[in-house]
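Colleague: I'm new to reading protein models. Could you walk me through a few features?

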Amino acid sequence: MSYFTFHSKKIFYKETGHGKPLVMLHGDTASSVMFEFLLPLYQEHFRVILLDFLGNGQSDRVSHFPADLWSSQAEQVIALIEHMHIGKVNILGTSGGAWIAVNTALKRPDLTEKVIADSFDGRTLHETFAEDLLKERRAAMQDPSARQFYQWCQGEDWESREDSMCRRNMEEEYLEMSRLVQDGSIHMFQTGGHPSILTNAELSARVITEFIYG
């Protein structure tokens, strides 16, 4: 197992496959283990790099999460890229990881090639985000399958936290974003759940591969 140090704490990461470097960023309720079943779809074309953000998976635990969580986690991604000395990378973030991917690119465009923001909420969180978050936390604590998912991702000391669900008007939001992003593209699936890279795994992998190598 590989670790690097960030602010005196150990962050777990692993790599597999060959090709252009692709850093995959998990969402807020998960860890890099969520990508394990997807690796066969990517490792033939990419040097896939996974990490567990502090407080998640096999990385060190933290006493609290900062208010600027997604910005702080972007700094962890930057530290990993610099630690590995691999130059520019492609970044795939899902759910909360999509915010981290975008923040990483904004902070360090010199280290970023292309960004894929899967199940991304848009330029701002939707109006009912806080209310939905509280409802989700309460439901998760009572749902055996949800508890098993958190324990699978985080280990025995799991704790239910954030999970960003997409806004209701995401098609309009994405179209507006497309006017602001240079050389970007949008792909929306008609079926599937949250996140897309899991519920539309093979199609997502095809779209992502074509976008990066296209």
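Modeller: Sure, we'll take a helix, some aromatic rings and two backbone angles in turn. Keep in mind that this is a predicted model.

Colleague: Which residues make up helix α3, and how far does it reach?

Modeller: Helix α3 covers residues 96–107 and reaches 17 Å from its first C-alpha to its last, close to the expected 16 Å.

Colleague: And what do the buried residues of α3 pack against?

Modeller: Their partners are β3, α2, β5 and β6. Among the buried residues of α3 are W99, I100 and N103.

Colleague: How many aromatic pairs does the whole structure hold?

Modeller: Five turn up in a search. One of them is Y3 with F12, which is edge-to-face, with 65 degrees between the planes and 5.7 Å centre to centre. Buried means under 20% relative accessible area, so F12, at 5%, counts as buried. Y3, at 28%, is partly exposed. The charged end of K10 also sits over the ring of Y3, 4.9 Å from its centre.

Colleague: Why is the pair of W70 and W99 called stacked?

Modeller: Their planes are at 10 degrees, with the centres 5.1 Å apart, so the pair counts as stacked. Because W70 lies in helix α2 and W99 in helix α3, the pair ties together parts 29 residues apart in sequence.

Colleague: Now the backbone: where are H85 and S95?

Modeller: H85 is in the loop between α2 and β5, and S95 is in the loop between β5 and α3. H85 has a positive phi near 55 degrees without being a glycine, and S95, also not a glycine, has a positive phi of about 55 degrees.

Colleague: Is S95 buried or exposed?

Modeller: S95 is buried, at 3% relative accessible area, whereas H85 is exposed, at 71%.

Definitions and conventions:
Residues numbered from 1 in each chain as written. Predicted model: local features only at pLDDT ≥ 70, side-chain atom pairs only at ≥ 80, totals over all residues. Heavy atoms only, no water. Helix = DSSP H or I, 4+ residues; strand = E, 2+ residues; numbered from the N terminus. Expected span 1.5 Å × (residues − 1). Buried < 20%, exposed > 50% of the residue type's maximum accessible area, 1.4 Å probe, protein only. Contact = heavy atoms within 4.5 Å. Phe/Tyr/Trp six-rings, centres within 6.5 Å; stacked < 30°, edge-to-face > 60°. Lys NZ or Arg CZ within 6 Å of the ring centre and 35° of its normal.
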